[in-house]
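Trainee: Could you take me on a close look at a single part of this model? I would like one connected story, starting with a strand and moving out to whatever surrounds it.

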Amino acid sequence: IKIFIASSSELKDDREQFEKFIRRKNDILLKKGINLLPEQWENTLEAVSITRSQDEYNKKIRQCDIVVCLFWTKAGIFTDEEFETAYQVFKDTGKPRIWTYFKTEKIDPNLNRADFISLSEFKDKISKMGHFPSHYNSIDNFLLQFGDQLDKFIQQYEESESSEIPRSDFKAGEVKQPVKNTFNEVFPVRLVQAIKPYNRKADDFLSLNNNWQSNADLITQAK
């Protein structure tokens, strides 16, 4: 499960605590065969973002299952961009799942006016989208809220994964019907998806052939 987090540099401490939380959670989930993979943890600073092409950026978002956006005193231009890209990909593909959190801790009254305006405009924008954000007043409160949402997401993930894998319902020594060739039918799907982030050929294949599993020639190519 790939997780992308977006926030401005002012929430660096919260982001670091979130990363530690994901690592602890992952230690538990690995025993169940589930791996939480943080896709990008660096600050969304202009110096970083300027060097990143839009195509490469969209590719990162497209590969994620979860996107978490954090805001406090402002909606930084690149954090806003990350949310917008994730939202457009979600509309097209049904993923990633997006969570947006606004920190409600006391704000400096001398806050830059432009920052305040950017935050207000962003809130108005997502409200018109029908996206409902959450709020947190401390890092513990945030982790508690997201932890609950993550547990629900993982439950749905496990249910969807189990439904993809053929299960046998016969007793030992008793075969009621031919057993489906799980290796040939399921393994190529899992393998191509698993190597996609690291293999250009696999990535191009999946990007260009969304419905390949219903095409006999493409199934052969995948195998």
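Mentor: Happily! Keep in mind that this is a predicted model. Let's centre on strand E4, and begin by noting where it sits: E4 pairs with strand E5 (residues 134-136) in the parallel sense, through three bridges. Across that pairing, Phe-102 stands opposite His-135 in E5. To get from E4 to E5, the chain passes through helix H5 (residues 113-129), and this β-α-β crossover is right-handed.

Now turn to the other partner. Strand E3 (residues 66-71) also pairs with E4 in the parallel sense, this time over six bridges. One pair to find on your screen is Leu-70 and its bridge partner in E4, Tyr-101. Here the chain travels from E3 through helix H4 (residues 77-93) to E4, again as a right-handed β-α-β crossover.

Is the strand mostly buried or exposed? Six of the seven residues of E4 (residues 97-103) are buried, so the strand is largely enclosed by the rest of the structure. As a backdrop, buried residues make up 37% of the 223 residues in the protein chain.

The two crossover helices are worth a look together. The axes of H4 and H5 come within 12 Å and cross at roughly 10 degrees. An angle under 35 degrees counts as roughly parallel, so that is how H4 and H5 lie to each other. Where they meet, H4 brings Asp-80, Phe-83, Glu-84 and Tyr-87, while H5 brings Phe-122, Lys-125, Ile-126 and Met-129. Sorted by class, that contact has five nonpolar and three charged residues, with no polar ones.

Let's finish with one residue from that meeting place. Ile-126 belongs to helix H5 and has a relative accessible area of 1%, so it is buried. Which residues does Ile-126 touch, leaving aside its neighbours within four places in sequence? The contacts are Phe-83, Thr-100, Phe-102, His-131 and Pro-133. You have already met Phe-102, which stands opposite His-135, and Phe-83, which is part of H4. Ile-126 and Phe-83 are 43 residues apart in sequence, yet their C-alpha atoms are 9.6 Å apart in space.

Contacts that reach across the sequence appear in the whole chain too: among those between residues at least 6 apart, 75% join residues at least 24 apart. When you zoom out, you can place our part within a protein chain of nine helices and five strands.

Conventions:
Residues numbered from 1 in each chain as written. Predicted model: local features only at pLDDT ≥ 70, side-chain atom pairs only at ≥ 80, totals over all residues. Heavy atoms only, no water. Buried < 20%, exposed > 50% of the residue type's maximum accessible area, 1.4 Å probe, protein only. Helix = DSSP H or I, 4+ residues; strand = E, 2+ residues; numbered from the N terminus. Pairing = 2+ DSSP bridges. Right-handed = clockwise from strand over helix to strand, strands pointing away. Axes fitted to C-alpha atoms, helices over the stretch in contact; angles between N-to-C directions. Parallel < 35°, antiparallel > 145°, perpendicular 65-115°, else oblique. Contact = heavy atoms within 4.5 Å. Nonpolar A, V, L, I, M, F, W, Y, C, P; charged D, E, K, R; others polar.
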